[in-house]
Amino acid sequence: MQKNPELRKEDGIWTLFADGKPFTMLCGEVHNSSASDAGYMEEQVWPFLKGLHINSLLVPVYWEMIERQENVFDFTVLDAIIKQAERESVKLGILWFGLWKNGISSYTPEWVKTDQKRFFRVADRNNRQMDVVSPFCQAAVDADAKAFGRLMEHIGEKNEEQQTVILVQVENEVGLLGSDRDYSKAANELFGKEIPDGISGLYEKSGTWEQAFGEEAPEVFMEYAYAKAVGQIAKSG
């Protein structure tokens, strides 16, 4: 078995290692939906990469594709793209399009999109529902974490022979557009409570979010919510 890809600190410098050797990524990135079809990748992507002399490629993996039915996982397309990359001697970086992609929840499975009671949305200041699953929705974070954990388990199995996947991005450009913060019931309750101990110690502040951070409170509040959610998802992986 080859050594797993890793970031290693040597002489104070972080270096990416692949196949046991330092690896400098000469990297391309496909469009958002290109990796949803292995046939499209075969015909419309790989032939046009040959002249670029890249050694790595960033490709999305979509939650809505690998778990169309809850707890039923299908990695057929990903496996085909991994085989294509191995044939082309190109390493892969996976972009996980889970709960959030560019601030919106457009790549979540249908069973997440349609059950807005279980997977509640962000509400804006006027209590209008946004197309964003709330980072305060623990059921949604748990479901994403479960799917991401299964994805990473599968990648680990595929990587046992060839270390093709060398890095994974957890979510993609999280953040809230169109509202300063989430005004859902769950968010409002937390916004009015004392800031968590970790935040209090980090900033040497106390009180509610508004008392501690004033006009910056909505932004810091959301930063904390997203960081906590993505941290849980990453840990599952």
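## Exercises on a predicted model

Threonine 108 sits in the loop between strand E6 (91-97) and helix H4 (110-113). Keep in mind that the model is predicted. Let's work through it together.

**Exercise 1. Decide whether threonine 108 is buried or exposed, and find which backbone oxygen lies 3.1 Å from a polar atom of its side chain.**

Step 1: The relative accessibility of threonine 108 is 1%. Buried means under 20%, so threonine 108 counts as buried.

Step 2: Now look for the oxygen. The backbone oxygen of serine 105 is the one 3.1 Å from a polar atom of the threonine 108 side chain.

Step 3: For the wider setting, 45% of the 237 residues of the chain count as buried. Threonine 108 counts as buried too.

**Exercise 2. Work out which parts of the chain are linked by the salt bridge of glutamate 88 and lysine 50.**

Step 1: Check the distance. The two side chains meet at 2.9 Å, N to O, and the cut-off for a salt bridge is within 4 Å.

Step 2: Place both residues. Glutamate 88 is in the loop between helix H3 (76-87) and E6, while lysine 50 is in the loop between helix H1 (38-49) and strand E5 (56-62). The pair links distant parts of the chain, 38 residues apart.

Step 3: Compare their surroundings. Glutamate 88 has a relative accessible area of 21% and is partly exposed, whereas lysine 50, at 51%, counts as exposed.

Step 4: Look for partners. Glu42, Lys50, Arg87 and Glu88 are linked in a network of salt bridges.

**Exercise 3. Find which helices hold glutamate 64 and lysine 113, and say how many residues apart the tied parts are.**

Step 1: Glutamate 64 and lysine 113 form a salt bridge, with their closest N and O atoms 3.5 Å apart.

Step 2: Glutamate 64 belongs to helix H2 (residues 63-66) and lysine 113 to helix H4, so the salt bridge ties together parts 49 residues apart in sequence.

Step 3: Glutamate 64 is partly exposed at 28%, and lysine 113 is partly exposed at 28%.

**Exercise 4. Name the glutamates that gather in a patch of negative charge on the surface, and say where glutamate 216 is found.**

Step 1: The patch brings together Glu215, Glu216, Glu219 and Glu223.

Step 2: Glutamate 216 is in the loop between helix H8 (209-213) and helix H9 (217-236).

Step 3: Step back to the whole chain, which has nine helices and nine strands. Nicely done!

Definitions and conventions:
Residues numbered from 1 in each chain as written. Predicted model: local features only at pLDDT ≥ 70, side-chain atom pairs only at ≥ 80, totals over all residues. Heavy atoms only, no water. Patch = residues over 30% accessible without salt bridge, like charges linked within 9 Å, V, L, I, M, F, W, Y side chains within 5 Å. Areas by Shrake-Rupley, 256 points an atom, 1.4 Å probe, with all protein chains shown as cover. Lys, Arg positive; Asp, Glu negative; His and termini not counted. Charge placed at Lys NZ, Arg CZ, Asp CG, Glu CD. Helix = DSSP H or I, 4+ residues; strand = E, 2+ residues; numbered from the N terminus. Buried < 20%, exposed > 50% of the residue type's maximum accessible area, 1.4 Å probe, protein only. Polar contact = N/O pair within 3.5 Å; in protein donor to acceptor, adjacent residues only side chain to side chain.
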